[in-house]
Amino acid sequence: MIDLIATAPAETGLPLQVGGLSLTQIRAGRLSLLSAYKGQQNTLDATLRAAHALGWPGPNQTLPETGASDHSGASDHSARIIWFGREQALLIGPDPDPALTALAAVADQSDAWATLRLAGPQADQVLARLVPVDLRRSAFAPGATMRTQISHLMASITRTPQDAFDILVFRSMTATLIHDLKSAMVGVAARG
């Protein structure tokens, strides 16, 4: 029998530094997709507040809004929750409280998604080459999140308070995302 060894989705190519821009992999901890059962959103909000000190996020919202986690790079296990689509949110960090299963479908997504952080004062210019929406700070403030296309991949993009974006893509698409982001980073740095 073959012994399988778990590996990180971006084991090669990261961290990447191009000019004042950096791309790193984030080990966010557990990722739990919550899909609210019909009519349970208010109770789910109250249960999330009691269990994890986080409420149910509104559309395109991240909680906590202040970005209370340190976002230092290698590991980010503080609890947060991001809007992940209609009636869906992604709880990031802790194991979900068992009481949530009576109010929402709860699915562990930890092995399905990879999280990369693009940081630097020109990060929004890098993403402008790949994303069909306006991610400038004036239109997409810290704490804002959205599901969108990045290049030809579906992703979740969240702006952090530290001139950075957390980008979630399917784990199998990580190498493609790194390639696309590296090309855009080089192009922005060359304009300099």
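Q: Which residues are linked in a network of salt bridges here?
A: General idea to begin with: side chains of opposite charge can pair when their charged atoms come close. In this predicted model, the network links Arg30, Asp95 and Asp108.

Q: Which side chain does aspartate 95 meet in a salt bridge, and where do the two sit?
A: Aspartate 95 meets arginine 30, at 3.4 Å from N to O. Arginine 30 belongs to strand 3, while aspartate 95 is in the loop between strand 6 and strand 7, so the pair ties together parts that are 65 residues apart in sequence.

Q: Is aspartate 95 buried or exposed?
A: Look at the relative accessible area: aspartate 95 has 54%, so it counts as exposed. Its partner arginine 30 has 26%, which makes it partly exposed.

Q: How many salt bridges does the structure hold?
A: There are seven salt bridges. One joins the side chains of aspartate 166 and arginine 117, at 2.5 Å from N to O. That pair also links distant parts of the chain, with aspartate 166 in strand 11 and arginine 117 in strand 8, 49 residues apart.

Q: Is aspartate 166 buried or exposed?
A: Buried: its relative accessible area is 0%. Arginine 117 is buried as well, at 4%. For another case, try arginine 136 and aspartate 134, whose closest N and O atoms are 2.6 Å apart in a salt bridge. Here arginine 136 is partly exposed at 49%, and aspartate 134 is partly exposed at 34%.

Q: Which strands does strand 11 pair with?
A: Strands of a sheet pair through backbone hydrogen bonds, either parallel or antiparallel. Strand 11 (residues 164-170) is joined to strand 8 (residues 113-119) by seven bridges, running antiparallel. Six bridges join strand 11 to strand 10 (residues 153-160), again antiparallel. If you want register, alanine 119 is the bridge partner of alanine 164, and alanine 155 is the bridge partner of valine 169.

Q: What do strand 10 and strand 11 form, and how many residues lie between them?
A: They form a hairpin with three residues between them. Check the backbone in the turn: aspartate 163 has a positive phi of about 50 degrees.

Q: Why is strand 11 described as largely enclosed by the rest of the structure?
A: Because six of its seven residues are buried.

Q: What is the strand order in the open sheet of five strands?
A: The order is 4-5-6-3-7, with antiparallel pairing. Strand 4 (62-63) and strand 7 are at the edges with a single partner strand each, so one side of each has no neighbour in the sheet. Two bridges hold strand 4 to strand 5, and leucine 63 has isoleucine 81 of strand 5 as its bridge partner.

Q: Why does the span of helix 1 agree with what you'd expect?
A: At 1.5 Å a residue, the 12 residues of helix 1 (residues 41-52) should span 16 Å, and the end C-alpha atoms are indeed 16 Å apart. Just after the helix, alanine 53 takes a positive phi of about 60 degrees.

Q: Which residues of helix 1 are buried, and what do they pack against?
A: Leu44, Asp45, Thr47, Leu48 and His52 are buried. They pack against strand 3 (30-36), strand 5 (80-85), strand 6 (88-93) and strand 7 (104-108). Take histidine 52, which is buried at 14% relative accessibility. Beyond its neighbours within four places in sequence, histidine 52 is in contact with Leu91, Pro94, Asp95, Pro96, Asp97 and Leu100.

Q: Which residues touch the most other members of the largest nonpolar core?
A: In soluble globular proteins, nonpolar side chains tend to be buried together. The largest such core here has 29 residues, and Leu23, Leu118, Leu127, Ile150, Ile167 and Leu181 touch the most other members. Elements that each supply at least two residues include strand 8, strand 11 and helix 2 (123-128). Helix 3 gives the most, with six residues. Setting aside neighbours within four places in sequence, leucine 127 is in contact with Leu118, Leu135, Ile150, Ile157, Phe165, Ile167 and Leu181. A second, separate core has 13 residues, including Leu44, Leu48, Leu63 and Leu103.

How values were computed. Residues numbered from 1 in each chain as written. Predicted model: local features only at pLDDT ≥ 70, side-chain atom pairs only at ≥ 80, totals over all residues. Heavy atoms only, no water. Helix = DSSP H or I, 4+ residues; strand = E, 2+ residues; numbered from the N terminus. Expected span 1.5 Å × (residues − 1). Buried < 20%, exposed > 50% of the residue type's maximum accessible area, 1.4 Å probe, protein only. Contact = heavy atoms within 4.5 Å. Pairing = 2+ DSSP bridges. Salt bridge = Lys/Arg side-chain N within 4 Å of Asp/Glu carboxyl O. Core = buried A, V, L, I, M, F, W, Y, C linked by side-chain atoms within 4.5 Å.
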